[in-house]
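Please open the model in your viewer and keep the sequence panel visible. The tour below proceeds one selection at a time.

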Amino acid sequence: MSVTTRRDGDARPAEWTAAPPSPGGTGRPWAASLAWTFVRQVHGNRVAVVDAPAGPIELDADALVSGAAATPLAVLGADCALVGLASPQGPVGAVHAGWRGALAGVLERTVDAMRALGASEIVAVLGPCIHAECYEFGERELDRVAGRYGDSVRSTTAGGRPALDLPMLVERSLERAGVAPPEQIAGCTACDDRWYSHRARGDRERHALVVWREERARP
Ligand SMILES: [Zn+2]
C-alpha cells in the first residue's frame, strides 16, 4: 500500500491525464493499472466489496474491501484519515474516515467485511491526516466522539483550543474491532505541505491511499 503526495498531483480520477498518480514510483504495479476503484465518500459507514479490478470507477461508499489480487483500492483525502488494512490471508481494505464516518463505525465495519472474506490477522497503516495540534474541534462534537470512544480522543491544538485527536480515534476504533494500533502513522496534512489540506490551505485537490494485494494468499 502507498500514499500519493502533492508532487504526484491531484489523485481524483477526473483529474488524471494519461495515467493514475504513481505512489512509490512508476515502477510499482499499481502505476501501470488504470483499474483503480475509488469511493465517492459519503461520510458514513458504507463498505463496498470489490470482486475484480475495474475502473477507474467510483462507488458510493466510505470504505472498500477486496479478496482479489491486483485490484487497487483507493481512498482520497485532504485531512480525513485514510487507513489501509491488509491481511496475510489475502483480503485488503481501504478506509476514508473523517470524524463522522469514524463515529458511525466505518473502521469496525471494514474490519468485519475483511473477516467475512477470510481475514483472521489484520494490520493497519494510517496515512496522512490532520493531527490534534491543528484540529480545533467544537466542544459538543468532541463530547459526542469521546462519549463513544473515550476521553483519549480529546486533545488540544497548538494554541490551546479543544481538539480532536483523529489518529487516536482511528486507534480506538481499530481496538474495538480487535486490530492492533497502526504499524505506521504518517504526518499531519495541515502542517506538512507534502500533502493536501482543505482546512489549512483550502486545497481542492486530494491525495490518495492505494491498497493493492500483490502476493498470493498464504495457504
Ligand atoms: Zn499539524
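Begin with the whole protein, coloured by secondary structure: it comprises six helices and 13 strands, where helices (H or I, at least four residues) and strands (E, at least two) are DSSP runs numbered from the N terminus. This is a predicted model, in which local features need pLDDT of at least 70 and side-chain atom pairs count only at pLDDT 80 or more, while totals for chains, interfaces and linings use all residues. Residues are numbered from 1 along each chain as its sequence is written.

Next, select the open sheet of five strands, whose order is 1-13-6-2-4 with mixed pairing; two strands pair if DSSP finds at least two bridges between them. Its edge strands, strand 1 (2-3) and strand 4 (57-59), each pair on one side only. Within this sheet, display strand 6 (residues 73-77) and strand 13 (residues 207-211), which pair in the antiparallel sense over five bridges. Ala74 stands opposite Val210 in strand 13.

Now select Leu209. Not counting residues up to four places away in sequence, Leu209 touches Met1, Val3, Ala74, Val75, Leu82, Gly84, Ala94 and Gly127, contact being C-beta atoms, placed from the backbone, within 7 Å.

Move to helix 3 (residues 106-116), whose buried residues are Val106, Leu107, Arg109, Thr110, Val111, Ala113 and Met114. A residue is buried if 20 or more other C-beta atoms, placed from the backbone, lie within 10 Å of its own. These residues pack against elements including strand 7 (81-86), strand 8 (92-97) and helix 5 (166-176). Finally, select Gly118, just after helix 3, which takes a positive phi of about 110°.

Key. Buried ≥ 20, exposed ≤ 12 C-beta atoms within 10 Å, placed from the backbone. Contact = placed C-beta atoms within 7 Å.
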